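Subject: Handing over the structure

Hi,

As promised, here is the structure for you to take over. Have a look at it first, and then read on for my notes.

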Amino acid sequence: ASARRRAIRPSSRPDPIGAMGFRVIKKCLGRAVSLFGCLVAAFIPIAIITTLASCKVPTNDQQLIIEYLDGKEAVNGPTTKVVNPFRSLSRRARVRLTAQQYVRVKDALTGDVRIVEGNALFFMKAYEDHDGIRTKTLLKVNQYVRLLDRLTGVERIVAGPANFAPGPWEEVRGAIESASYINRDTAIIVKSKVDGKIRLVTETGAYIPKQYEEVLDTRTRTKVLANEAMVIRNSTGELTVYDGGANGGTGVSFFLGPWDEVVTMQWSVFSQPKDGETQVISKSPVTRIDTRVRRVFYQFQVRTSDNVALEVEGSIFWRIADIQKLIRLTPDPPGDVWYRARRLLNAAVSKTDFQTFTRTFTTLIKGTFMASASDAFWLDRGIEIKDMEVTKFDCVDDEVAATLQKIIEETTRRINLLEEQRSNNEVQYAKLLADIKYEQEQTTLINSQRGNQLISAQREGEAEGVQLSQEASTFLGGLSSALPDINLRMRLFKLQAELEAMEARVNSVAKSSATIFLSLEDLGLKLNVQDFLAHTEL
């Protein structure tokens, strides 16, 4: 009041503003107060709306990421969070993993990495993030996979059956691999990455390599037959011979070692020349040595002592008897046989004239070659010579060849004639043998028939004898009481037999149509029966 009285009391000093100014100021202040009230009335709803808008309510599967000036904050739902509207805000879903899934979570603040495997339902931290949900690696039985830790460089092998997720810094190197199956005919070559050693694994079963091991190759068992041999060279150059014919000739089998290799030899191949063609000589790789008898064709040009040039063709039969000697002295045994035979044949033919050669070429060539079978040349190489044959020879000079052709034709004609005569002789000889055989069979038939008749007659005679014996026994027994003397009964029985025989002869003569003149002595008849009876003592 006093202040008001002082304000109303007129001052003796002059008022610089004046009453009018005071009223203007008062009016301005009143308007300012009114404006402030309006502003306050308008700000309250805005503040309420802003506050309500800053309230965030994440669900069970949501997470709020609030970015402040000094970092981030993660708010996991369900909750209610009032967020400064001037701060950055984002939402992300909770990570849901099944039993076959996993995620690789990395902390952007610290750089730490962790693996979360399913089944799982989790929220990541504020600075964590993942590069996608991945499927675990499924390994079946006898399967494996290689893992490399990019942080430490350590490698490990995971073998099945398994369903796994790699470590935080591990990655799968390559695809899923299957175990190597080893049996009696299969082996594998394994290399160690630690010391570089390579070894041969032959234990049967499924093989999964160990840590820092890798399978380089699969080896198949090499089988050598009883008639074969193979030469193997190791890393130091030593040679080993696997001879299938040794130990009873049952064959042999083996695995090539990690550093072993099969020795390949280049053998000469001599073609079989056709008519008018020159023999072709080539090379062929040989890894299996056949120990059976082999055949080499040859075509040599030789010259006789009378300077006739000839071309001789044929075959040489030989075999390998000692493998050790062979590989020590020669890499091409067929070539040695061919060139050695050519030298021997040239030496032998050069000492013989053409006429002698045409008569004895087979004996000459074969004899010369076989005579050298025991030479040191063959024995040192372990080669055994079996035979040499000549199939053809021709004259190189046309004129000599024409003359030789005539000789051959004449010789051929003579041979044909001889063959024809020989054939006729053989036919006649065969006919003669057939006739002799026929007569022999006839003799055998006659002898058989005679024997059969003799046997039949014997049987009939035995039957008649039995009957006659019975008749005689009956006759003699019936007269025993009338004629006690056995001699008289026998004489009477003989008389009866003679009369019966005479009667049979008479009947036979009477039935026949022939005229027969016989004397009484021939007939043995007694016409005077009374005199006969008179002279017979009864």
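Let's start with one pair of strands. Strand β7, residues 101–107, runs antiparallel to β10, and 6 bridges hold the pairing. If you want a spot to click on, Lys106 sits opposite Asp129 in β10. Please keep in mind throughout that this is a predicted model.

β7 has a second partner as well: it pairs with β8, again in the antiparallel sense, over 5 bridges. Here Tyr102 is the residue facing Glu117 in β8. The hairpin of β7 and β8 has 5 residues between the strands, and Gly111 in that hairpin takes a positive phi near 85°. Put together, this is an open sheet of 3 strands in the order β8-β7-β10, with antiparallel pairing. β8 (113–117) and β10 (128–135) are the edge strands, each pairing on one side only. On average, neighbouring strands in this sheet are turned by 20° against each other, ignoring direction.

Just after β8 there is something to look out for: the peptide bond from Gly118 to Asn119 is cis, with omega near 0°. Asn119 belongs to the loop between β8 and β9 (120–122).

Zooming out for a moment, the chain has 10 helices and 31 strands. Of its 538 residues, 26% count as buried. Among contacts between residues at least 6 apart in sequence, 57% join residues at least 24 apart.

Another open sheet of 3 strands has the order β18-β17-β20, and its pairing is antiparallel. β18 (198–201) and β20 (213–220) stand at the edges with a single partner strand each, so one side of each has no neighbour in the sheet. The average turn between neighbouring strands here is 25°, direction ignored. Strand β17 (residues 186–192) is joined to β18 by 4 bridges, and Ile189 stands opposite Leu200 in β18.

Now for the interior. Which residues have the most contacts inside the largest nonpolar core? They are Ile289, Tyr298 and Val312, in a core of 39 residues. The elements giving two or more residues to this core include β29 (294–303), β30 (309–320), α4 (333–349) and α5 (354–371). Leaving aside residues up to four places away in sequence, Ile289 touches Asn227, Glu228, Ala229, Val231, Met265, Trp267, Ile320, Ile323 and Leu326. Apart from this core lies another, of 8 residues, with Val95, Leu97, Ala120 and Met124 among them.

Helix α4 is worth a look too. It is mostly covered, with 12 of its 17 residues buried; among these are Pro333, Trp338, Arg340 and Leu344. From first C-alpha to last, α4 reaches 24 Å, close to the 24 Å expected at 1.5 Å a residue.

Helix α8 (residues 486–511) gives a similar check: its 26 residues should span 38 Å at 1.5 Å a residue, and the end C-alpha atoms are 38 Å apart, which agrees. Arg489, Phe493 and Met502 are buried in α8.

On to the rings. The structure holds 10 aromatic pairs. One of them is Phe357 with Phe361, a tilted pair at 6.0 Å centre to centre and 40° between the planes. Why are these two about one helical turn apart? Because they lie 4 residues from each other in helix α5. Phe357 counts as buried, at 0% relative accessibility, whereas Phe361 is partly exposed, at 21%. Ring pairs also link Phe270, Tyr298, Phe300, Trp338 and Tyr339 into a cluster. You'll recognise Tyr298 from the largest nonpolar core and Trp338 from the buried residues of α4.

Finally, a few backbone details in the loops. The peptide bond from Gly160 to Pro161 is cis, with omega near 5°, and Pro161 lies in the loop between β13 (155–159) and β14 (162–164). Asn142 has a positive phi, near 65°, in a residue other than glycine. You'll find Asn142 in the loop between β11 (137–139) and β12 (143–149), and it is partly exposed at 25% relative accessibility. Asn307 also has a positive phi, of about 65°, although it is not a glycine. Asn307 sits in the loop between β29 and β30 and is exposed, with a relative accessible area of 53%.

Over to you!

Cheers

Terms used. Residues are numbered from 1 along each chain as its sequence is written. This is a predicted model: local features need pLDDT of at least 70, side-chain atom pairs count only at pLDDT 80 or more; totals for chains, interfaces and linings use all residues. Side-chain values use heavy atoms; hydrogens and water are left out. Two strands pair if DSSP finds at least two bridges between them. Axes are lines fitted to C-alpha atoms, for helices over the stretch in contact, and angles run from 0 to 180 degrees between N-to-C directions. A nonpolar core is a set of buried Ala, Val, Leu, Ile, Met, Phe, Trp, Tyr and Cys residues joined through side-chain atoms within 4.5 Å. Buried means under 20% relative accessible area, exposed over 50%, partly exposed in between (1.4 Å probe, protein chains only). Contact means heavy atoms within 4.5 Å. The expected span of a helix is 1.5 Å times one less than its number of residues. Rings of Phe, Tyr and Trp (its six-membered ring) pair if their centres lie within 6.5 Å; planes under 30 degrees apart count as stacked, over 60 as edge-to-face and the rest as tilted.
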